[in-house]
Amino acid sequence: MSQDSHARHPFLDDLTPDAEFTGTVLRRPISGRENIKKFIGTVATLYKSQTPVFLETIGSRSFLQNEAVLTNGMSLTGVAVIERNADGGVHHVSVTMHPLGPALSLSGQLGALVNNELGEGVLL
């Protein structure tokens, strides 16, 4: 999958104000465009590298698969399901990650970085 340096992000650019983000390491959804953008930005700081390997759209849903290496050297695969409304806005994103060990490692690191903003206990 080639990446144009001017390409739009598969979902961040189109989040609706009331969008929800759910995922493997979250105990509850993250709500709101700005909260989701901050969360994704924080996750990105914990990646040494991230490589998109698949992006396909079927109807109102897009499926994005990435392979990542965390800053601690652990490898992780993530799959995002991006749901759009009739106007093309992204109202829901769900991200699953595996294997479990690296996903939990990422969660632990994220908790220390986002608990003040998102609240205690949002992450596993």
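This report describes a predicted model, beginning with its sheet and moving on to its helices, its nonpolar core and some single residues.

## The sheet

The sheet of this predicted model is open and is built from six strands, which follow one another in the order β2-β1-β6-β5-β4-β3 with mixed pairing. At the edges stand β2 and β3, each of which has a single partner strand, so one side of each is left without a neighbour in the sheet.

Between β1 and β6, which run parallel, there are five bridges, and one residue pair that can be traced here is L15 with its bridge partner V90 in β6. V90 also appears on the β5 side, where it is the bridge partner of R84; β5 and β6 are antiparallel and are joined by eight bridges.

## Two hairpins

The strands β1 and β2 form a hairpin with six residues between them, and they pair in the antiparallel sense over two bridges. Within this pairing, E20 has S31 of β2 as its bridge partner.

A second hairpin is made by β3 and β4, with two residues between them, and G59 in its turn has a positive phi of about 60°. As background to that angle, most residues other than glycine have a negative phi. The two strands run antiparallel and are joined by ten bridges, and along them P52 stands opposite N66 in β4.

## The helices against the sheet

Helix α1 consists of 13 residues and reaches 19 Å from its first C-alpha to its last, which is close to the 18 Å expected at 1.5 Å a residue. Its buried residues are I36, F39, I40, T42 and V43. Seen down the axis of α1, these buried residues fall within an arc of 160°, so they line one face of the helix. The elements that cover them include β1, β2, β3 and α2.

With respect to the sheet, α1 lies across β1, β2 and β3, and it runs at about 45° to β1. The other helix described here, α2, also packs on the sheet, where it touches β2, β3, β4, β5 and β6, and its direction makes about 60° with that of β5.

## The nonpolar core

The largest nonpolar core contains 31 residues, and those with the most contacts inside it are F21, F39 and V93. At least two residues of this core come from each of β1 (15–23), α1 (33–45), β4 (61–70), β5 (75–84), β6 (90–98) and α2 (100–118). The element that gives the most is α2, which supplies five residues.

Which residues does F21 contact, leaving aside its neighbours within four places in sequence? They are L26, P29, I30, I36, F39, I40, V93 and V95. Both F39 and V93 are therefore among the contacts of F21, and these two residues share with F21 the distinction of having the most contacts inside the core.

## L110 and V122

L110 has its place in helix α2 and counts as buried, because its relative accessibility is 1%, where the limit for that term is under 20%. Apart from neighbours within four places in sequence, L110 is in contact with F39, T42, V43, L46 and L123; of these, F39, T42 and V43 are among the buried residues of α1. The C-alpha atoms of L110 and L124 are 9.7 Å apart, although 14 residues separate them along the chain.

V122 lies in the segment that follows α2, and it too is buried, with a relative accessible area of 0%. Not counting residues up to four places away in sequence, V122 touches V25, L26, R27, R28 and N115. One of these, L26, is also in contact with F21. V122 and G23 are 99 residues apart along the chain, while their C-alpha atoms are separated by 11 Å.

## A cis peptide bond

What kind of peptide bond joins H98 and P99? The bond is cis, with an omega of about -5°. By way of background, most peptide bonds are trans. P99 lies in the loop between β6 and α2, two elements that each supply at least two residues of the largest nonpolar core.

Terms used. Residues numbered from 1 in each chain as written. Predicted model: local features only at pLDDT ≥ 70, side-chain atom pairs only at ≥ 80, totals over all residues. Heavy atoms only, no water. Core = buried A, V, L, I, M, F, W, Y, C linked by side-chain atoms within 4.5 Å. Buried < 20%, exposed > 50% of the residue type's maximum accessible area, 1.4 Å probe, protein only. Helix = DSSP H or I, 4+ residues; strand = E, 2+ residues; numbered from the N terminus. Contact = heavy atoms within 4.5 Å. Expected span 1.5 Å × (residues − 1). Arc of directions from axis to C-beta. Pairing = 2+ DSSP bridges. Axes fitted to C-alpha atoms, helices over the stretch in contact; angles between N-to-C directions.
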